[in-house]
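Reader: I am new to this one and would like a friendly tour. Could you show me the model and then take my questions?

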Amino acid sequence: MTSDAPRRLESFLEGAWRSGAGEGKPLAHAATGDIHALIGAEGLDLAAALQWGREVGGERLRALTIHERALMLKAVGFRLMEMKEEFYEENFATGATRKDGWIDIDGGIGTMLSFASKARRELPNARVLPEGDVEPLSRDSTFSAQHILTPLTGIAVHINAFNFPVWGMLEKIAPALIAGMPCLVKPASQTAYLTERVTRRILEMDILPEGALQLLSGSAGDMLDHVTGQDVVTFTGSAATGQRLRAHPAIIANATRFTMEADSLNATILGEDAVPGSPEFELFVKEVVREMTVKAGQKCTAIRRILVPKAHEDAVAAAISDRLAQTPIGLPDDERARMSALVALDERDAVRAKVAEICSEAEILWGDPDEVTLVSGDADRGAFISPVLMRAGDPMGARAPHEVEAFGPVATLMAYESAEDAVALARKGKGSLVSSLFTNDTRLAGEIVTGLAPFHGRVLIGNRTSAKTSTGHGSPLAPLVHGGPGRAGGGEEMGGMRGVTHFMQRTAIQGAPDFLSAVTGVWSEGASVREDTHPFRKSLSELRLGDRVVTDTREITEADVEHFATFTGDTFYAHMDSAAARANPFFEGRVAHGYLIVSFAAGLFVSPEPGPVLANYGIDNLRFLTPVYFGDSLGVVLTCKAINPREGSEHGEVRWDCVVRNQKGDAVAMYDVLTMVAKSWPEAASL
């Protein structure tokens, strides 16, 4: 392996790349010890950088719709995929193998793309997000309320850990930028060179608006002194550092949102049914070894505590030790190596010290923290360490195995007597990011998972059914929350579109329905309506909220119901048997099928000629409210409820409020009809 001449890392602040004062602190290549880069941010005006992001980046992002922001990230993600080989080459300096780098680089880009895709599917193409249903506050529909979400007007400061220099940045900036909030990323110094390289490539694309993304390479200095109540600070790293930052005077004084994701003593549990030789036993051993050795155990989700039935303790110890013995360690770009170095020599020293502390209440079963056999590299110059498997003889009475984390390829085996004991041991971690259970017993899974859930942000159940498709114990995924209570920090990241709302303010808006519609872009009962041309004859450019059609009525006959029953095969007794229907406490006699009502309603409100309505793609919130009997006459009121144009497409989505009423004026069915509508017509007829 060759090492490039060290480069001076720069920060991108206030629209320009800037170097801190002085030569900078040297950063060593994790596996060779060669100086790889120099870092320092002394003398940089961080107060000005925060304000520039708020004023310049915030204004430009908020001018875009959610879909425009999502498409922007999609474009960035695809361009990054084309460049990733450059990032993999830099990744080796962190001590990570190519396989380790896949989690960070491809995983980070994939997370960004996932957020971009979900935002376009799940959120409206708007700047304001309505949340929940309209709350009527008066009987005559003149006063209502609606919760809305709007972007905070500050800046999101992301303070990241050294172990995921790409994923850590991208998984945080993606939801913030989609929400409309500019970001300042402060990576951990040890691996900041990889974050800086990725950030340079993003900014060179000239896709993000000016001010949307800044980078601080080096110490945070006085940055947190200048945060406001409109800012958000996210932190990933050690619990001790996170607690210190959370207590920063400016964060407390301004009630600045602070999200913390800290390292935790994550546990995995082998179910009592998973005996040696079973698929679950083999999956368990494989997962433990993978979590100990991937990225040399430097993952906040890595397994630290291995909980097994007392009867299987020796078998598990032997199986894990055998697999660890077959794990070659060497330089990160050596294809023979399945594990490489820790990120730095001081991290190796810290792991050794933590192992010694845990050993006060445990014994080492395999590995020597002070000796390592390599297939390549220099054990004195690189931050290499052997995997270490320990065993706690009295896990219930021990302290260190549950409270001291060696942030490397280190885990402690603990035996339990019952499912209750397993849960109690897992809880002794005082809050974790993730726990996993390997069992093929659904009853046992229900018992243990409900015991684990209050103390964990995520619980994975592994068994033979999901073996080929499971993402594993240690993989946070964009649609799922990442975080945990207690020691794990009490925060939440990702979680699909939940992650976007972390960077938005929830506000309750009260007023007359027309004014609510003006804010939310959603029509509600009591707001103005327009009954002129049939709304299905209007393109998206012509359609307005409140456009409505009130249909003629149709009488429901016994022949209609019997034909529908014969045609569909739905001969449920309430439709076909008078005596049985009358015996039902909800009905006075035979009733019409609910889906017959929906079908007849469509026949009443559709406009049959070709036009701008391209397709019906669904029904939401369908409720049948009043039974329909023979002789009842039904009519429909269909009102344009929401208009959602799609960026980059010739059509958009329209949500229609549909109310079906009988001759008495009673609502018999209510639902939302979802359609695709052309943005223009007849020009769109060629689609």
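**A guided tour in questions**

Reader: Before the details, on which ring does the charged end of Lys 295 sit?

Author: Keep in mind throughout that this is a predicted model. The charged end of Lys 295 is placed 4.9 Å from the centre of a ring, and that ring belongs to Phe 164.

Reader: And how far is the charged end of Arg 554 from the centre of the ring of Phe 600?

Author: Here the charged end belongs to Arg 554, and it sits over the ring of Phe 600. A charge counts as sitting over a ring only if it is within 6 Å of the ring centre. For Arg 554 the distance is 3.6 Å.

Reader: Are the planes of Phe 536 and Phe 605 stacked or edge-to-face?

Author: The structure holds eight aromatic pairs. In the pair of Phe 536 and Phe 605, the ring centres are 6.0 Å apart and the planes meet at 80°. Planes over 60 degrees apart count as edge-to-face. With its 80°, the pair is therefore edge-to-face.

Reader: How many residues apart in sequence are the parts that this pair ties together?

Author: Phe 536 lies in the loop between helix 15 and strand 23, while Phe 605 belongs to helix 19. Both Phe 536 and Phe 605 are buried, and they form one aromatic cluster with Trp 656. Because the two rings come from these separate parts, the pair ties together pieces of the chain whose distance in sequence is 69 residues.

Reader: Why are the buried residues of helix 13 on the same side?

Author: The buried residues of helix 13 are Leu 444, Ala 445, Ile 448, Gly 451 and Leu 452. On the other side of helix 13, Thr 442, Arg 443 and Thr 450 are exposed. The buried ones share a side because the arc they cover around the axis is only 140°.

Reader: What covers those buried residues of helix 13?

Author: At the start of helix 13, a side-chain oxygen of Asp 441 comes to within 2.9 Å of the backbone nitrogen of Arg 443. As for the buried residues, their cover includes strand 13, helix 12, strand 18 and strand 19.

Reader: Which helix gives the largest share of the largest nonpolar core?

Author: In soluble globular proteins, nonpolar side chains tend to be buried together. The largest nonpolar core here has 58 residues, and Leu 80, Leu 170, Ile 173, Ile 202 and Leu 208 touch the most other members. Elements that each supply at least two residues of this core include helix 2, helix 3 and helix 5. The largest share, nine residues, comes from helix 4.

Reader: What is Leu 80 in contact with, leaving aside its neighbours within four places in sequence?

Author: Leu 80 is one of the residues touching the most other members of the largest core. Leaving aside neighbours within four places in sequence, its contacts are Phe 87, Ile 109, Leu 170, Val 198, Ile 202 and Met 205.

Reader: Is Arg 201 buried or exposed?

Author: Arg 201 is found in helix 5. Its side chain makes a polar contact of 2.7 Å with the side chain of Glu 86, and another, of 3.1 Å, joins it to the side chain of Glu 204. Buried means under 20% relative accessible area. At 18%, Arg 201 therefore counts as buried.

Reader: Which backbone oxygen lies 3.1 Å from a polar atom of the side chain of Thr 327?

Author: Thr 327 is in the loop between helix 9 and helix 10, and at 8% relative accessibility it counts as buried. Not counting residues up to four places away in sequence, Thr 327 touches Val 289, Thr 293, Arg 338 and Met 339. The backbone oxygen lying 3.1 Å from its side chain is that of Arg 323.

Reader: How far apart in space are Leu 137 and Glu 86?

Author: Leu 137 is in the loop between strand 6 and strand 7, and its 42% relative accessibility makes it partly exposed. Leu 137 and Glu 86 are 51 residues apart in sequence. From C-alpha to C-alpha, their separation in space is 58 Å.

Reader: What is the relative accessibility of Val 157?

Author: Val 157 is found in strand 8. Not counting residues up to four places away in sequence, it touches Leu 50, Leu 184, Met 223, Val 232, Val 233 and Thr 234. Val 157 counts as buried, and its relative accessibility is 0%.

Key:
Residues are numbered from 1 along each chain as its sequence is written. This is a predicted model: local features need pLDDT of at least 70, side-chain atom pairs count only at pLDDT 80 or more; totals for chains, interfaces and linings use all residues. Side-chain values use heavy atoms; hydrogens and water are left out. Rings of Phe, Tyr and Trp (its six-membered ring) pair if their centres lie within 6.5 Å; planes under 30 degrees apart count as stacked, over 60 as edge-to-face and the rest as tilted. Helices (H or I, at least four residues) and strands (E, at least two) are DSSP runs, numbered from the N terminus. Buried means under 20% relative accessible area, exposed over 50%, partly exposed in between (1.4 Å probe, protein chains only). A charge sits over a ring if NZ of Lys or CZ of Arg is within 6 Å of the ring centre and within 35 degrees of the ring normal. The arc is that of the directions from the helix axis to the C-beta atoms. Contact means heavy atoms within 4.5 Å. A polar contact is a pair of N or O atoms within 3.5 Å; within protein, one must be able to donate a hydrogen and the other to accept it, and residues adjacent in sequence count only if both atoms are side-chain atoms. A nonpolar core is a set of buried Ala, Val, Leu, Ile, Met, Phe, Trp, Tyr and Cys residues joined through side-chain atoms within 4.5 Å.
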